Amino acid sequence: MSDEKYQAISKAVTEGEDIQTGELVKAALDASLPPLEILQKGVVDGITKAGELWKANQYFLPDVILSADAFKVGMEVLDPELKNTQTGPSRGKYIIGVVEGDMHDLGKSLVVALLTSAGFEVVDLGIDVPMDKFVEAVKTHQPTIVGLGAYMTTTMLIMKDIIKELSNQGLRNNVKVMVGGVPTSQEFSDEVGADAWGRDALDAMQKALTLVGG
Amino acid sequence: MDNSKTLILACATVIEEILPLMPSDMKYEVLDFGLHVNPNQLRHILQETIDGANSRFDTIILGYGLCSQAIIGIKASCCTLVIPRVDDCIAIFLGSSKSYQNQLKTEPGTYYLTKGWIEVGDSPFAQYEKIAAKQGKERADRIMRLMLKNYTRLALINTGRYGMDHYREYARKTAQQFGLRYEEIMGSTTLIQKMVAGNWDNDFIIIPVGETVQYSHFYPDLHK
C-alpha cells in the first residue's frame with residue numbers, strides 16, 4: 001500500500017505535476033507514512049528519475065523544469081514534517097548562493113532540496129549574491145560548507161574572488177568551499193581553490209556528505 | 001592570410017552576421033544552434049568537424065566563444081585555430097566582450113534575441129507554441145513562468161546589417177506576451193570585421209597547431 005503511494009508521488013514529480021505532487025504528499029502524511037520515507041522513496045526518487053531521463057536525452061529542459069517545480073512543491077509540504085521528525089543529528093550548516101550577476105536558480109534549488117534531504121541545515125542566500133554577503137554569511141552562520149553556484153562563464157570567475165576574500169579575512173580554514181554550475185569543471189574547481197566540485201545536484205550532495213565525513 | 005586556405009566554422013546564429021562581411025573566396029561550415037544547451041555534445045561535434053577539415057586549411061576561425069566551456073579541450077592537429085576572446089555569441093553581436101560585460105552589469109536578467117536566434121527558432125519563446133500544442137497551454141504557461149522568473153528585459157540586438165522591422169515586431173510582441181520589457185540595443189560588427197579580415201588583435205585567441213584550447217586563454221587572470 002505504502003509503496004504504491006510512494007510510487008505515485010515519484011511519478012507525479014517525474015512528470016512535473018505540481019498540484020498532484022502536493023496533494024499526494026499531503027495524503028501520504030495524513031496516512032501517517034514516515035516523512036523521511038516519503039522524501040526518499042517519493043519526491044527524491046521522482047527527481048532522480050527525471051535526472052536520469054535528462055541524461056538519457058529523453059527529457060528536455062522544459063520537462064526538467066517542471067519536475068524541479070513539482071519537487072519543490074512536494075518539499076514545501078514535507079519540510080515542516082521533516083523538521084519535526086528526529087532524523088538523527090544534523091550534518092551541519094550549509095550556506096549556498098548563486099554569485100553576483102547570475103540569475104539562474106533552477107540548479108541551486110535542486111541542490112538545496114537534496115542537501116536538505118541528506119540532513120544538512122541549509123541557509124539559502126538566493127541568486128545574484130554579492131561577495132560581501134557570502135563573507136558576512138560565513139561569519140554569521142559559521143557553516144561547515146559554503147556552496148557557490150555560477151551558471152554563466154561571465155560570472156564563474158567571481159568564485160575565485162570569493163574564495164580569496166574568505167582567505168583574506170581568515171575564514172577559509174574553518175569552512176569547506178564547494179563550487180558548481182553548468183560551465184564549471186573539476187579543473188576549474190581546482191584552479192579557484194575549492195574543496196569540491198558538484199557535477200550536478202546529486203553529485204553535489206554526495207560530495208558534501210564526503211566533506212563532512214558521511 | 002590566404003582566404004582560400006581559411007575556413008570559418010560557426011554556429012547557425014553567428015554565421016548570419018558573418019556572411020554579409022565574409023570575403024567571397026573564404027569557405028564556411030555551419031553547426032546547429034541547438035548544440036549550445038549541451039556543451040559536451042557541442043565540444044564533440046566541433047572537434048569532429050575540425051578533425052575532418054583541418055588538413056585542407058591553414059586556419060580555422062571559430063564563430064564561437066567559450067560557450068559554457070564547450071570550446072575547452074578543442075585542438076587542431078594540422079592548422080591554426082582563431083577564436084574570438086568572448087564568453088558567447090552575445091559578445092560577438094555586441095562587438096566586444098566589454099560591451100557584453102556592460103550589458104550584464106546593467107541588467108543581468110536579460111534575454112537576448114538576434115535575427116539569427118529568431119530565425120533558428122530555438123528559444124523558449126519559439127518552443128512555447130509547440131509545448132502548448134503537445135502538452136496543453138497550462139503546462140506551457142507554467143514552463144515559461146518558471147523559466148523567465150528572474151528575467152525582466154527582452155533585448156533585441158540590432159547589428160545594423162539588415163532590415164529589422166520583422167524581427168522588431170516579433171521581439172516586441174514576444175516581450176509583451178511574456179511580461180518582459182522590450183528594448184532594442186545597438187550591436188556592432190567590429191569583432192566580425194576583424195575576424196574575417198585577419199586582424200586578430202587581443203580580442204582573439206590564436207591557438208597554434210596541435211595546442212589545446214584552455215580556459216586560461218580566455219581568462220588569463222585565473223592564474224594570477
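**Entry 1: strand β1 of chain A**

I began at A:V98, which stands opposite A:G149 in β3 of chain A. The model I am reading is a predicted one, and I keep that in mind for every entry below. Next I looked at A:G97 and found A:L148 of β3(A) opposite to it. These two pairs belong to the contact between β1 (residues 93-98) and β3 (residues 145-149) of chain A, where I read five bridges in the parallel sense.

I then turned to the pairing of β1(A) with β2(A), which is also parallel and runs over four bridges. Here I noted A:I95, whose place is opposite A:V123 in β2(A). Between these strands I traced helix α5 (residues 106-117) of chain A, and together β1(A), α5 and β2(A) make a β-α-β unit that is right-handed.

Is β1(A) enclosed by the rest of the structure or left open? I looked up the burial of its six residues and found that five of them are buried, so the strand is largely enclosed by the rest of the structure.

**Entry 2: the sheet of chain A**

Stepping back from β1(A), I wrote down the strand order of the open sheet as β2-β1-β3-β4-β5, five strands of chain A with parallel pairing. At its edges I found β2 (121-124) and β5 (196-198) of chain A, each of which pairs on one side only. Ignoring direction, the neighbouring strands of this sheet are turned against each other by 25° on average.

**Entry 3: domains of chain A**

For chain A the domain assignment gives domain 1 as 2-84 and domain 2 as 93-211, with 25 Å between their centres when these are taken over C-alpha atoms. I looked up the contact and found nine residues of domain 1 of chain A against six residues of domain 2 of chain A. On the domain 1 side, α3 (35-55) and α4 of chain A each supply at least two residues, and the largest share, five residues, comes from α4(A). Sorted by class, this side of domain 1 of chain A holds six nonpolar, two polar and one charged residues.

**Entry 4: where chain A touches chain B**

Which helix gives the most to the side of chain A that touches chain B? The contact takes 20 residues from chain A and 22 residues from chain B, and on the chain A side the elements giving two or more residues are α4 (61-84) and α8 (186-192). It is α4(A) that gives the most, with five residues. I also noted the classes on this side of chain A, which are ten nonpolar, four polar and six charged residues.

**Entry 5: domains of chain B**

In chain B, I read domain 1 as 3-90 + 189-223 and domain 2 as 97-186, and the C-alpha centres of the two lie 25 Å apart. Their contact takes 13 residues from domain 1 of chain B and eleven residues from domain 2 of chain B. Helix α1 (residues 12-18) of chain B gives the most to the domain 1 side, with five residues. By class, that side of domain 1 of chain B has six nonpolar, three polar and four charged residues.

**Entry 6: the sheet of strands β5, β6 and β7 in chain B**

Here I found an open sheet of three strands in the order β5-β6-β7 of chain B, with parallel pairing. The edges are β5 (110-113) and β7 (181-186) of chain B, each with a single partner strand, so one side of each is left without a neighbour in the sheet. From one strand to the next the twist averages 30°.

I looked more carefully at β6 (residues 153-158) of chain B, which is joined to β7(B) by six bridges and runs parallel to it. Among the pairs I noted B:R153, whose bridge partner in β7(B) is B:R181. Across β5, β6 and β7 of chain B lies helix α8 (residues 165-177), and I noted that α8 runs at about 175° to β6(B).

**Entry 7: B:P23**

Last, I looked up B:P23, which is found in the loop between α1 and β2 (27-31) of chain B. Is B:P23 buried or exposed? I counted B:P23 as exposed because 12 other C-beta atoms lie within 10 Å, and 12 or fewer is the cut-off for that class. Leaving out residues up to four places away in sequence, B:P23 touches B:N3 and B:V196. I also noted the separation from B:Q177, 154 residues apart along the chain, where the C-alpha atoms are separated by 40 Å.

How values were computed. Residues numbered from 1 in each chain as written. Chains lettered and ligands numbered in written order. Predicted model: local features only at pLDDT ≥ 70, side-chain atom pairs only at ≥ 80, totals over all residues. Pairing = 2+ DSSP bridges. Axes fitted to C-alpha atoms, helices over the stretch in contact; angles between N-to-C directions. Domains from an automatic or database assignment. Contact = placed C-beta atoms within 7 Å. Nonpolar A, V, L, I, M, F, W, Y, C, P; charged D, E, K, R; others polar. Buried ≥ 20, exposed ≤ 12 C-beta atoms within 10 Å, placed from the backbone. Right-handed = clockwise from strand over helix to strand, strands pointing away.
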